Amino acid sequence: MKVCAAYGSETPLREGSGMHEIRLDVFGGIPAGVGEESLITLCGKDISAVPDSFRGLVDVGERDIATKHRKIKSFHDFSGTPDADSIVRMLSDGDQEISKGAFSVRSFADLASISDAAKRLGRKHVLLGMGELGEVTRIRQRCLGNEFTFGYVGAPTAPGQLSADEMERLGDGCEILGIVGHPLSHSRSPAMQGAAMEKAGISGKYLRFDSPSLDGIEEVIRAYDIRGMNVTIPYKQEIIPHLDCISDVAEDVGAVNTISNRSGKLLGENTDVRGIEFALLGADLKGSESLVMGSGGAARAAVYALSRAGSSVSVAGRNKETVSALCRDFGSEPFEGDVSKFGLVVNCTPIGLVEGEYPADISNLRGDQVVFDMVYGRDTPLVSSARSRGCRIADGADMLVGQGAESFRIWFGKEPDISAMKGALRWPG
């Protein structure tokens, strides 16, 4: 990976970097040590500011400037990503040595447009996505055929930019994993899986893919050589048509939370079941009565796991249609009312993460009940009420570790360090 060190302030050049970007809106002059492998970006300044003796590249922006210098012509769109045809047309014209395009990425379709354009451009180029969703374009220089990529020194100079130190540590061959959902800002999976990879000696990056739709996801996973992804709300069922095949457990549950990329073949698995079993270790479920609140992909995994453990399961949810379908598929019963008669109460809704009302009355919890809330990292109304009544509590972080560990085994075929994963969630080991 060829990393150009980018500076957001006028600081000494980074030692060890062979390529530096000198922005003329940041630096008052050309610092010593800038060689012919480096880049001067005009940022609207006149080309006369570049010494005739400079043998490196000059980024002139979108302007058609006649110069004897080696030239980059660059295009930036902070409002979105054009389709691939538009990108190719935009970057194909001109006498520049390298064409550069940087676009704000907001969906998998945007990432697919960038990778498609990169394959079709018949000239030297640098194609980058801006924003958190565009981070993968900065790491996968080889997949996009980019001449180089950027890494910041001090502070980022573009949205989604990673540090030069991290870029060089990762290198071209690093593993890329991630989580897909919407929204994702609360997710602790990047920290947890990052800790597991570090402990296992794996060079890799776990990214957030917060996309408003799944259109183009399969193309993105293959084009950017992404080893695997976790899938969360609201896509655990919607993801299935995008995959080549799914496991027997995922088929039985009717939901997928883990994708594995096996040489371009996308396999779907459900590790939520293992996560639920991990969170409820020690709970006597055989012959018990359980209530599952919710009727989405996580609820389906909960009903499957609890039924398999011998519990009689009822389901409460706002969507009568999906509740009915879930009960029909698993032989459960729909439920309305208060939760006091159940030995175990499981919340699979996002209530607590978002505002709203639970689909069952939780005001009469008893101290001998077990309460499991899949929402983690915060004191939800359900957890607060359960604690005040003296209930045994398992929250979503227990499940997160259990399902995350199983995903890690599927991706890498080795045992993760559970203590490191818990530690990344700021749990006691």
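The following exercises, each with a worked solution, concern the structure shown above.

The model is predicted: local features need pLDDT of at least 70, side-chain atom pairs count only at pLDDT 80 or more, and totals for chains, interfaces and linings use all residues. Residues are numbered from 1 along each chain as its sequence is written, and side-chain values use heavy atoms, with hydrogens and water left out.

**Exercise 1. Describe the surroundings of Thr 137.**

Step 1. Locate the residue. Thr 137 belongs to helix H3, residues 135-139. Helices (H or I, at least four residues) and strands (E, at least two) are DSSP runs, numbered from the N terminus.

Step 2. Establish its exposure. The terms are buried (under 20% relative accessible area), exposed (over 50%) and partly exposed (in between), with a 1.4 Å probe and protein chains only. Thr 137 is buried because its relative accessible area is 0%.

Step 3. List its contacts, where contact means heavy atoms within 4.5 Å. Leaving aside neighbours within four places in sequence, Thr 137 is in contact with eight residues by name: Leu 111, Ile 114, Leu 127, Leu 128, Gly 129, Leu 144, Asn 146 and Tyr 224.

Step 4. Examine Gly 129 further. A polar atom of the Thr 137 side chain lies 2.8 Å from the backbone nitrogen of Gly 129.

Step 5. Turn to helix H2 (residues 108-120), which has 13 residues. Among the buried residues of H2 are Leu 111 and Ile 114, and both are also in contact with Thr 137.

**Exercise 2. Work out the order of the strands in the open sheet of six strands, and state what packs on the sheet.**

Step 1. Write the order. The sheet runs S10-S9-S11-S13-S14-S12, with mixed pairing. Two strands pair if DSSP finds at least two bridges between them.

Step 2. Identify the edges. Strand S10 (204-210) and strand S12 (245-246) each pair on one side only.

Step 3. Inspect one pair. Strands S13 (residues 258-262) and S14 (residues 265-269) are antiparallel and share five bridges. Within this pair, Ser 260 has Leu 267 of S14 as its bridge partner.

Step 4. Add the helices. Helix H6 (residues 189-199) packs on the sheet and touches S9, S10 and S11; its direction makes about 165° with that of S10. Helix H13 (residues 396-412) also packs on the sheet, touching S9, S10, S11, S13 and S14, and its direction makes about 10° with that of S13. For such angles, axes are lines fitted to C-alpha atoms, for helices over the stretch in contact, and the values run from 0 to 180 degrees between N-to-C directions.

**Exercise 3. Explain why Cys 4 and Cys 348 form no disulfide.**

Step 1. Apply the criterion: a disulfide is a pair of cysteine sulfur atoms within 2.5 Å.

Step 2. Consider Cys 4. Its closest cysteine sulfur, in Cys 43, is 12 Å away, and is therefore too far for a bond.

Step 3. Consider Cys 348. Here the closest cysteine sulfur, in Cys 327, is 13 Å away, so a bond is again ruled out.

Step 4. Check the whole structure. The search finds zero disulfides.

Step 5. Note the exposure. Cys 4 counts as buried at 0% relative accessibility, and Cys 348 is buried at 10%.

Notes:
Polar contact = N/O pair within 3.5 Å; in protein donor to acceptor, adjacent residues only side chain to side chain. Expected span 1.5 Å × (residues − 1).
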